[in-house]
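Subject: A structure for you to look at

Hi there,

Here is the structure I promised to pass on to you. Please have it open while you read, and I will walk you through what turned up.

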Amino acid sequence: MIFGACNTSLYASVRGVEPDAPVLSGAARQGGMLHGQTGQYRYVYKIGDEKIRVSHDKIFVVGLGRDEPAELKLLFCKFGLPGRCDTFTYAIEQRTYPTQNLTVADAMVRYAPEIQKRVDSDAAAVSAARRKAADDNATHFMDLSLSDILARHRISTVFGAARNYNNGARFSSHNGIDIAAPTGTQVHSIGRGTVIYADDNYLSGNMVIVSHGRGVTSVYAHMDKIMVAVGDTVDNKTVVGMVGNTGRSTGPHLHLGASIMHGGRVIQLDPLLLMN
Ligand SMILES: [Zn+2]
C-alpha cells in the first residue's frame, strides 16, 4: 500500500473523558505518544501496565502501542499507591493495518545458528543503548519535525503493516515507516538529540539511533553509510547517514522508526505521529 508524503499533523491537545482529567499533548492514536504534566499529582500509572516515569519537572510521556486499546486509563496518585489516586480515561483512535507479502533471501528469515547468534547480539546491543537513553532527561521529543526526505519521497510501507516473509517463513509487524529514496540520499535526524547507537546490524543494516529524551528514540536503518558516531549531538540539520539497501531490505529505502521505553519494555511508535 502506498501513501504520498503527508504534512497533516495529528498532534493536538488531548482532553480526557472526565472533565477534570489533565490535558495531554500529542496524537491520541495507536502508535502515537502523549505527554503532559502531573500537576497536583506525583505518580502516574498506566492501568494494566507499568508505572510511568515522572521526572522532577513533573513531565511524563506515555507511548501508545500498535495495538493499544481504545481506552487509555491513567491512574494519577498524590502519594503513590495506595494513596489518594484518581483514574482518568483518554480515547485512543484505533487503526487498521495492511498486510504485505515479502520475499527476501532465505538466510534473512531462517537463521543458521551463527546468524541467530549475530541477531541476538545485535538486539542486546540495541537494548543496552535504549536502557541508557531511558535516563536522558532532555525534552527534545516535544519538538520533532518531518525530515527533508519525507517532503521529497514517498512512503512505501506504513507503520504497523503485518508482514509475511517468504510465504509464511516468518511474520512480523512493521515497526516504523519506509521511505523509498535512491541510495545516497541524505538522511537527517528528526530532531535534537544524542546518538546512542551507530553500527552495522544483520537485519537493520547500517543503523543509527538518536535519543530525544525520556526514553524516546528515533531509528534510521538500512543505510548505505553512517555519518555520525555514538555520543554525537545532532539536530534536524545533521546528516546521520545516506539511504541504502543494507540488512533485510528489498530495495533502497530509509526505515524510520521511533520508540519509547516503559520500564524495561520498548513500545514501537509511528514516527509520523510524533511530529509537532
Ligand atoms: Zn521498514
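Let me start with one pair of residues: V239 in β19 is the bridge partner of H188. Please keep in mind throughout that this is a predicted model.

That pair belongs to a longer match, as strand β14 (residues 186-188) and β19 pair in the antiparallel sense over 3 bridges. Strand β19 has another partner too: β17 (residues 217-226) runs antiparallel to β19, and 3 bridges join them. Within that pairing, I226 has G241 of β19 as its bridge partner. How much of β19 itself is buried? The strand spans residues 239-243 and is mostly covered, with 4 of its 5 residues buried.

**The two domains**

The domain assignment splits the chain into domain 1 (12-91) and domain 2 (99-274). Their C-alpha centres lie 27 Å apart. The contact between them draws on 16 residues from domain 1 and 18 residues from domain 2. On the domain 1 side, β3 (33-37) and β6 (59-63) each supply at least two of the touching residues. Which of the strands gives the most to that side? It is β6, with 3 residues. By class, the side of domain 1 that touches domain 2 has 5 nonpolar, 6 polar and 5 charged residues.

If you would like a pair to find on screen, try H262 and G63. These two are 199 residues apart along the chain, yet their C-alpha atoms are separated by 7.9 Å. H262 is found in strand β20 (residues 253-262). Is H262 buried or exposed? It counts as buried, because 20 other C-beta atoms lie within 10 Å and the cut-off for buried is 20 or more.

**An open sheet**

Next, have a look at the open sheet of 4 strands, which come in the order β5-β4-β7-β8 with antiparallel pairing. Why do β5 (51-52) and β8 (85-91) count as the edges? Each has a single partner strand, so one side of each is left without a neighbour in the sheet. Further in, strand β4 (residues 43-46) and strand β7 (residues 71-77) run antiparallel and are joined by 4 bridges. There you can find Y43 standing opposite C77 of β7.

**The helix α1**

Helix α1 covers residues 113-133, 21 residues in total. From its first C-alpha to its last it reaches 30 Å, close to the 30 Å expected at 1.5 Å a residue. Which residues of α1 are buried? They are V126, R130 and A133. These buried residues cover an arc of only 50° around the axis, and therefore sit on the same side of α1. The spacing fits a simple rule: an α-helix has 3.6 residues a turn, so residues three or four places apart point the same way.

What do the buried residues of α1 pack against? Their neighbours are β15 (193-201), β16 (205-211), β17, β20 and β21 (265-269). The face turned away from the buried side carries exposed residues, namely P113, E114, K117, D120, S121, A124 and A128.

**Two unusual backbone angles**

Most residues other than glycine have a negative phi. Two residues here go against that pattern. N167 is not a glycine, but has a positive phi of about 60°. H222, also a residue other than glycine, has a positive phi near 65°.

Their settings are worth a look as well. N167 is found in the loop between β11 and β12, while the place of H222 is in strand β17. N167 is exposed, because 10 other C-beta atoms lie within 10 Å and exposed means 12 or fewer. H222 is buried, with 25 other C-beta atoms within 10 Å.

The loop of N167 holds one last residue to point out. G168 is found in the loop between β11 (162-165) and β12 (170-173). With 9 C-beta neighbours inside 10 Å, G168 counts as exposed. G168 and P69 are 99 residues apart in sequence, and 27 Å separates them in space, C-alpha to C-alpha.

Happy exploring, and do write back with any questions.

Best wishes

Key:
Residues are numbered from 1 along each chain as its sequence is written. This is a predicted model: local features need pLDDT of at least 70, side-chain atom pairs count only at pLDDT 80 or more; totals for chains, interfaces and linings use all residues. Two strands pair if DSSP finds at least two bridges between them. The expected span of a helix is 1.5 Å times one less than its number of residues. The arc is that of the directions from the helix axis to the C-beta atoms. Two residues are in contact if their C-beta atoms, placed from the backbone, lie within 7 Å. Domain bounds come from an automatic or database domain assignment. Ala, Val, Leu, Ile, Met, Phe, Trp, Tyr, Cys and Pro count as nonpolar, Asp, Glu, Lys and Arg as charged, and the others, Gly among them, as polar.
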